[in-house]
Amino acid sequence: MSVLETPRILFRGEISWDPVTTNNYQGNYDEDDCATVFNCGANVARFRQSAINQVGTDGNWNPHGTHRSTYFNTFVSGVDTGAGVNTTDSFCGAAVEFSGMLVDCEPYGSTSSQLFFNAMSLGIPGGCRIYSPRVMRFHDRYINFGRNPANNMIAGVASVMWQTCFPKDAGLVVDAHDSIALQLLQGALADPDVLGVSVRWDSYRTIYFDDATLSNGSPASVKRGAELIAKLNGGGWQPNPARSLLVGVVGLWRRGEPTFEAGDRALLATGAAIPGQTSPAKRGPAVGSAHARLSDDSITLDLSNCIPEIDRVPNKVDMGTLSVVAVDPNDSNTVLATLARLNYSQYDKAAYDTGSGIVCVAVDPADARIAAKANLQLRGANGVVYLDEAPVRAIPSQPNVYLDEDDSIETEVRVYDRGRPAAAGIEVTMTPIGANGPIGNSQSTDANGIVKFPLSGSTALVTAYALIPQSQVSLPVTQLNTQVMTFLTLRVLPADTAIAQLPPTWANVHQHVLSNWEAMAPCMDNWLRLGDEAQIARYAPMIRMLTDPASFESYRFMPVVRDMTPGQRTLLWNYLDSLTAGANLMGTSESSSVDEAGEPDFSRLSREMRGNL
């Protein structure tokens, strides 16, 4: 099942992160009201200056960000067709291309990030290639805050697992040519049980201000912040993206497997300290959760988000020989079989880079039969248990859910038992995370291992819900543990009916709608001046198209952060509709804004906007 079976395609490289960070702070942004906070009557210019000042005082490291996140120096590093990693296949060395918009469902938090994008490509047209348009965005899962404490600059200590899937009936292209791996992938896609391909990758070792030596509060980091402030105050557009390393894998997506996170056997972090290292509680390196696939004669481990680093290189912590064991489900101290032993060379930096963190080891078939019904553990040489399997996992079909106030939906949660869809009758509780939250709602799985929970938007707010199968975690849940819990985030946008009823004048549209993003995202000046009445009028048809909820998943949806309320949209659209000449302001007709297939011609529109600045 999943990317842990073969054939699989491995890749590695880097990614840039360029989010606007000003809305991460309550003093700047109200995430419940979806509104920029103009304190003490501040206007757009004063708000922008305040955001610049916060670079030095409050950690606002990128007030001129674009939200764009782009792979660079990323390539197919190897393939595995069942005999180990091969770096000579014709597909190896091909470029991997991805550009997305990084958006937090909850702006104040760090656990609800998502990447909105239009397509992903490994390879180029005319050569060995995997290409697909986006159907579903990437979501972050299993953020590991103990991954590399030596890289202690902002979120540099952390790593994140990302995943989405591409259905084979939605434009997926596999051009194999003479690549054996792609030929096998093509053949596997013909199986009715295979829905498409799954892409999973891990980002880690994030650096800021283009300086891999910085630490929080150090004189060097203070200096870098001051230099950025000077550049921002000097005028112009001054983005300050961060950069991470990444390793990834493309594999099969089978029927019944989750879309946005690993559905394999879940080996969860126990929080045990690594001997000779500072304890995790004191911000020492911590072992992160992992996933495993057991076959008749092998075990494949996804350690991409698991083994921590010891330095900024980043080299892996030498934890000695690690053992994968099967233990009695009723007595975790009783070892029933030792499945595999991993020495340091199998999980060090070189092995991590080569295999994208995936390790496959032969297993005695008799031991594999025992492990099929036992629990798996990862243990150190001294017997310390670093990872312990949670056999039952409840995984949401939608990790981040947006609702408008007074709307409601039913969200689906699928339960897995040792990596396979569970049977009927397993109780799952969906409970809000918070010290004073209610216990939540409990449902039992149907014959397909699925439970459905109602979600309502009665009040505008952001809520994270933990999904607890079989009372595995005591209730109420006061704090989210991203290494142990599965969860979803619900964001309810306020109706803003009073705004919807305002006269559709320019003054009202700018004050109650456009000024929010004009103040928060100065980068917009490069494409569309949100405070320029004439330019808004000129591009009225385009603005209406890009703010249409039907384009919500698109890379170019406006606003990027997906927080326009129904009332704001109504006022904006009423204003745009009142511009009777709007259909002809972009050229000969509104059709000039679309291509021959009827899709938005964003390249032309982008050039036109830049030409009219």
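In this predicted model, strand E17 (residues 322-328) pairs with E20 in the antiparallel sense, over five bridges. Valine 324 stands opposite leucine 378 of E20. On the other pairing of E20 (residues 375-379), three bridges lead to strand E21 (residues 385-389), again in the antiparallel sense. Leucine 378 takes part here too, opposite leucine 387 in E21. Arginine 379 has valine 385 of E21 as its bridge partner. Five residues separate the two strands in the hairpin of E20 and E21. Within that hairpin, glycine 383 adopts a positive phi near 90 degrees.

E20 is also well covered. Five of its five residues are buried, so the strand is largely enclosed by the rest of the structure. In a regular strand the side chains alternate between the two faces of the sheet. Asn375, Gln377 and Arg379 lie on one side of E20, Leu376 and Leu378 on the other. Both sets are buried, and both faces of the strand are thus covered.

These pairings belong to an open sheet of eight strands, in the order E18-E17-E20-E21-E14-E15-E16-E19. The pairing throughout is antiparallel. Strand E18 (331-342) and strand E19 (358-362) form the edges, and each pairs on one side only. From one strand to the next, the twist averages 25 degrees.

A second open sheet contains five strands, ordered E23-E30-E29-E26-E27, with mixed pairing. E23 and strand E27 (441-444) occupy its edges. Each has a single partner strand, so one side of each is left without a neighbour in the sheet. Neighbouring strands are turned by 25 degrees against each other on average, direction ignored.

Both senses of pairing occur in this sheet. E23 and strand E30 (residues 486-493) are parallel and share five bridges. Tyrosine 402 has arginine 491 in E30 as its bridge partner. Strand E26 (residues 427-432) and strand E29 (residues 462-469) are antiparallel, and five bridges join them. There, methionine 430 stands opposite leucine 467 of E29. Although E23 is an edge strand, four of the five residues of E23 (residues 400-404) are buried, so the strand is largely enclosed by the rest of the structure.

Aromatic contacts were examined next. The model contains 21 aromatic pairs. In one of them, the ring centres of tryptophan 17 and tryptophan 162 lie 5.7 Å apart, with the planes at 25 degrees, so the pair is stacked. This pair links distant parts of the chain. Tryptophan 17 is in strand E1 (residues 8-18) and tryptophan 162 in strand E10 (residues 159-167), 145 residues apart. Both tryptophans are buried. They belong to one aromatic cluster, together with Phe11, Tyr71, Phe98, Phe117, Phe138, Phe166 and Trp201.

Two arginines have their charged ends over rings. That of arginine 147 sits over the ring of tyrosine 204, 4.7 Å from its centre. That of arginine 562 sits over the ring of phenylalanine 552, 5.7 Å from its centre.

Helix H2 (residues 180-189) has a one-sided pattern of burial. Its buried residues are Ala181, Leu182, Leu185, Ala188 and Leu189. They cover an arc of only 120 degrees around the axis, which puts them on the same side of H2. An α-helix has 3.6 residues a turn, so residues three or four places apart point the same way. The cover over the buried residues of H2 includes E1, strand E4 (68-80), strand E8 (129-133), strand E11 (173-175), strand E12 (194-207) and strand E13 (242-254).

The loop between H2 and E12 holds proline 192. Its relative accessibility is 60%, and proline 192 therefore counts as exposed. Leaving aside neighbours within four places in sequence, proline 192 is in contact with Lys168 and Arg255. Isoleucine 433 lies 241 residues from proline 192 in sequence, and their C-alpha atoms are 39 Å apart.

Threonine 36, by contrast, is buried, with a relative accessible area of 8%. This residue lies in strand E3 (residues 35-36). Not counting residues up to four places away in sequence, threonine 36 touches Asn28, Tyr29, Phe47, Asn516, Ala519 and Met520.

Definitions and conventions
Residues are numbered from 1 along each chain as its sequence is written. This is a predicted model: local features need pLDDT of at least 70, side-chain atom pairs count only at pLDDT 80 or more; totals for chains, interfaces and linings use all residues. Side-chain values use heavy atoms; hydrogens and water are left out. Buried means under 20% relative accessible area, exposed over 50%, partly exposed in between (1.4 Å probe, protein chains only). Two strands pair if DSSP finds at least two bridges between them. Axes are lines fitted to C-alpha atoms, for helices over the stretch in contact, and angles run from 0 to 180 degrees between N-to-C directions. Rings of Phe, Tyr and Trp (its six-membered ring) pair if their centres lie within 6.5 Å; planes under 30 degrees apart count as stacked, over 60 as edge-to-face and the rest as tilted. A charge sits over a ring if NZ of Lys or CZ of Arg is within 6 Å of the ring centre and within 35 degrees of the ring normal. The arc is that of the directions from the helix axis to the C-beta atoms. Contact means heavy atoms within 4.5 Å.
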